[in-house]
Amino acid sequence: MLKVEGINVYYGHIQALKEVSLEIKQGEIVTLIGANGAGKSTLLKTISGLLKPKKGTVVFEGKNINGKAAQTIVKQGISHVPEGRRIFANMSVEENLELGAYLRKDKKGVKDDFDMVFDLFPRLQERIKQQAGTLSGGEQQMLAMGRALMARPRLLLLDEPSMGLAPLLVKTIFRIIEEINKGGTTILLVEQNAHMALSVANMAYVLETGRVVISGHPDELHSSEQVKMAYLGGH
Ligand code: ATP
C-alpha cells in the first residue's frame, strides 16, 4: 500500500532521515519506534507531504506522492494525527470534526462517519458542543484521531497517541487503534511506548539517528537483546 524508498530529509543542513525505506501492506498496523530525535515525526511528516525528501520516493497505492501538497495527499487517502494533537482549541468538538471532512463532498458519507467516530469515541458525542481547548488530554487525543478519521483515510498516521496520558487511557487509546484497524484502516503508529506498540503491530521498524536499524515482526523485536535494552527497559 505504501512504499518509502531510500529517502533523505533535511532541516537546513541537518540530515534528519538517512536512506530510510519502509513498507506497509494494506490492513496492517506498522509501528515505528525510537528515541527522541530519531526522526520518527520527520518520517510521518514526509509521508503526509509536510516535508519534501531531497532523495528517494514515497509511493502510495502505486502512485508517487513525493512532493505533492499535503491537501492532495489527504485527498488520496492519507490522514496524519500530529504529535501534540493540534486541535482547534477555540472551536467546538463538532466544528473540529467537520473540519476533518472539509475536502469531502459526499454529505451522506460524512454523516455516517460522524456516527462512526461517535461509536469509537462516545466521549466526543457527550461533549459535542464543548470548546475543544477545555477537553482533557485524553479527550483531545480522541478528537485529533476522530478529526483525522473524518477524512475517511485508508492510511492513518498516528504520532505518539499515548503521549502524556494516564495508563488506563493509554490502554483505551490502543484498544481504539485496534478497532479502527479492524474497521479496515491501515495504520502507521509512532510510539515511545514500545511495549504497547509492539503488542498491536504486525510489523515494526526501529529508527536510530535517522536510520532504520532494525525491522521485523514484533515477536522478533521483542526477543532482540538490542531492542530490549534500548526500548523495553531491559525486559
Ligand atoms: P520526538 O519523539 O522527540 O518527536 P522524533 O523521532 O520524532 O523525536 P524528529 O522530530 O523527527 O524525531 O526529529 C529528527 C531530528 O530532526 C532531530 O535531530 C531534531 O532535532 C531535528 N528536527 C526536527 N524538527 C526540526 C526543525 N523544525 N528544524 C530543525 N531540526 C529539526
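**Ligand shell and Tyr 205**

User: What's the shell around the ligand made of, by class?

Analyst: Four nonpolar, six polar and three charged residues. Ala, Val, Leu, Ile, Met, Phe, Trp, Tyr, Cys and Pro count as nonpolar, Asp, Glu, Lys and Arg as charged, and the others, Gly among them, as polar.

User: What kind of model is it?

Analyst: This is a predicted model: local features need pLDDT of at least 70, side-chain atom pairs count only at pLDDT 80 or more, and totals for chains, interfaces and linings use all residues. Residues are numbered from 1 along each chain as its sequence is written, and side-chain values use heavy atoms, without hydrogens and water.

User: Which residues come nearest to the ligand?

Analyst: Of the 13 around the ligand (a heavy atom within 4 Å), Gly 37, Gly 39, Lys 40, Ser 41 and Thr 42 do.

User: How far is Lys 40 from a ligand oxygen?

Analyst: A polar side-chain atom of Lys 40 is 2.8 Å from one. For Ser 41, a backbone N or O atom lies 2.7 Å from a ligand oxygen. The ligand alone exposes 620 Å², and the protein buries 62% of that (Shrake-Rupley method, 1.4 Å probe).

User: Which helix gives the largest share of the shell?

Analyst: H1, residues 40-47, with three residues (a helix is a DSSP run of H or I, at least four residues; a strand is E, at least two).

User: Switching to Tyr 205: buried or exposed?

Analyst: Tyr 205, in strand E9, is buried because its relative accessibility is 7% (buried is under 20%, exposed over 50%, partly exposed in between; 1.4 Å probe, protein chains only).

User: Where is Val 20 relative to Tyr 205?

Analyst: Their C-alpha atoms are 10 Å apart, with 185 residues' separation along the chain.

Technical notes
Polar contact = N/O pair within 3.5 Å; in protein donor to acceptor, adjacent residues only side chain to side chain.
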